[in-house]
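Work through these exercises with the sequence and the model open side by side. Try each task before reading its solution.

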Amino acid sequence: MGVKMNDKLFITILKRYEADIEDSLYKIDCINNHGLIIPEHTSITEEVDKLLLKVSETEGKLAALRQHYGQKKAKEIL
């Protein structure tokens, strides 16, 4: 049997991953729909590619978190 994660830690990490995904998707939306350009990033396609990579990586982490720790059985929150 694997290591158990307490509910507080699980929720904290879950929210972090969800926020990272939402942040990246929002930035892509702003670039796409509002024509917002980030001064230090002259390549829009490169910036969107980086944001999509972050979304993809974070979704993978979120899936792994849910797969390995999604069934909560710990009673204590540290």
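## Confidence and overall layout

The mean pLDDT of the chain is 82, and 77% of its residues reach 70 or more. The model is predicted.

**Exercise 1.** Find where pLDDT stays under 50, and state how many contacts beyond four places in sequence the model has there.

*Solution.*
- Step 1. Go to residues 73–78; pLDDT stays under 50 over this stretch.
- Step 2. Count the contacts beyond four places in sequence: the model has nine for these residues.

**Exercise 2.** Describe the secondary structure of the chain, then its burial and surface.

*Solution.*
- Step 1. The secondary structure comes to two helices and zero strands.
- Step 2. The chain has 78 residues, and 22% of them are buried.
- Step 3. About 6200 Å² is exposed, with carbon and sulfur atoms supplying 55% of that area.
- Step 4. Take the contacts with a separation of 6 or more. Residues 24 or more positions apart account for 78% of them.

## The two helices

**Exercise 3.** Compare the reach of each helix with the span expected at 1.5 Å a residue.

*Solution.*
- Step 1. Helix 1 has 28 residues. From first C-alpha to last it reaches 39 Å, close to the expected 40 Å.
- Step 2. Helix 2 has 26 residues. Its reach is 37 Å, close to the expected 38 Å.

**Exercise 4.** List the buried residues of each helix and say what they pack against.

*Solution.*
- Step 1. In helix 1, the buried residues are Phe 10, Leu 14, Tyr 17, Ile 21, Ser 24, Ile 28, Cys 30 and Ile 31.
- Step 2. These residues pack against helix 2.
- Step 3. In helix 2, the buried residues are Glu 47, Val 48, Leu 51, Val 55, Thr 58, Leu 62 and Leu 65.
- Step 4. These residues pack against helix 1.
- Step 5. Now consider spacing in general. An α-helix has 3.6 residues a turn, so residues three or four places apart point the same way.

**Exercise 5.** Which residues make up the largest nonpolar core, and which helix gives the largest share?

*Solution.*
- Step 1. The core has eight residues: Met 5, Phe 10, Leu 14, Tyr 17, Ile 21, Val 55, Leu 62 and Leu 65.
- Step 2. Helix 1 and helix 2 each supply at least two of them.
- Step 3. The largest share, four residues, comes from helix 1.
- Step 4. The general trend: in soluble globular proteins, nonpolar side chains tend to be buried together.

## The ends of helix 1

**Exercise 6.** Which residue caps the N-terminal end of helix 1, and what does its side chain reach?

*Solution.*
- Step 1. Look in the segment before helix 1 (7–34), where Asn 6 lies.
- Step 2. Asn 6 is the cap: a side-chain oxygen lies 3.1 Å from the backbone nitrogen of Lys 8.
- Step 3. A polar atom of the Asn 6 side chain also lies 2.8 Å from the backbone nitrogen of Leu 9.
- Step 4. Check exposure. Asn 6 has 13% relative accessibility, so it counts as buried.
- Step 5. Turn to the other end. Just after helix 1, Gly 35 takes a positive phi of about 60°.

## Single residues

**Exercise 7.** Is Thr 58 buried or exposed? Give its contacts too.

*Solution.*
- Step 1. Thr 58 lies in helix 2.
- Step 2. Its relative accessible area is 6%; the cut-off for buried is under 20%, so Thr 58 is buried.
- Step 3. The side chain of Thr 58 reaches the backbone oxygen of Lys 54 at 2.7 Å.
- Step 4. Leave aside neighbours within four places in sequence. Thr 58 is then in contact with Tyr 17, Asp 20 and Ile 21.

**Exercise 8.** Trace the contacts of Arg 66 beyond its neighbours within four places in sequence.

*Solution.*
- Step 1. Arg 66 is found in helix 2. At 45% relative accessible area, Arg 66 is partly exposed.
- Step 2. The contacts are Leu 14 and Glu 18.
- Step 3. With Glu 18, the side chains are joined by a polar contact of 3.3 Å.
- Step 4. With Leu 14, the C-alpha separation is 8.6 Å, across 52 residues of chain.

**Exercise 9.** Classify Lys 15 and Asp 29 by accessibility.

*Solution.*
- Step 1. Lys 15 lies in helix 1. At 54% relative accessibility, Lys 15 counts as exposed.
- Step 2. The C-alpha atoms of Lys 15 and Leu 62 are separated by 9.6 Å.
- Step 3. Asp 29 is in helix 1. With a relative accessible area of 31%, Asp 29 is partly exposed.
- Step 4. Asp 29 and Val 48 are 19 residues apart in sequence and 9.6 Å apart, C-alpha to C-alpha.

Terms used
Residues numbered from 1 in each chain as written. Predicted model: local features only at pLDDT ≥ 70, side-chain atom pairs only at ≥ 80, totals over all residues. Heavy atoms only, no water. Buried < 20%, exposed > 50% of the residue type's maximum accessible area, 1.4 Å probe, protein only. Polar contact = N/O pair within 3.5 Å; in protein donor to acceptor, adjacent residues only side chain to side chain. Core = buried A, V, L, I, M, F, W, Y, C linked by side-chain atoms within 4.5 Å. pLDDT = per-residue confidence, 0-100. Contact = heavy atoms within 4.5 Å. Expected span 1.5 Å × (residues − 1). Areas by Shrake-Rupley, 256 points an atom, 1.4 Å probe, with all protein chains shown as cover.
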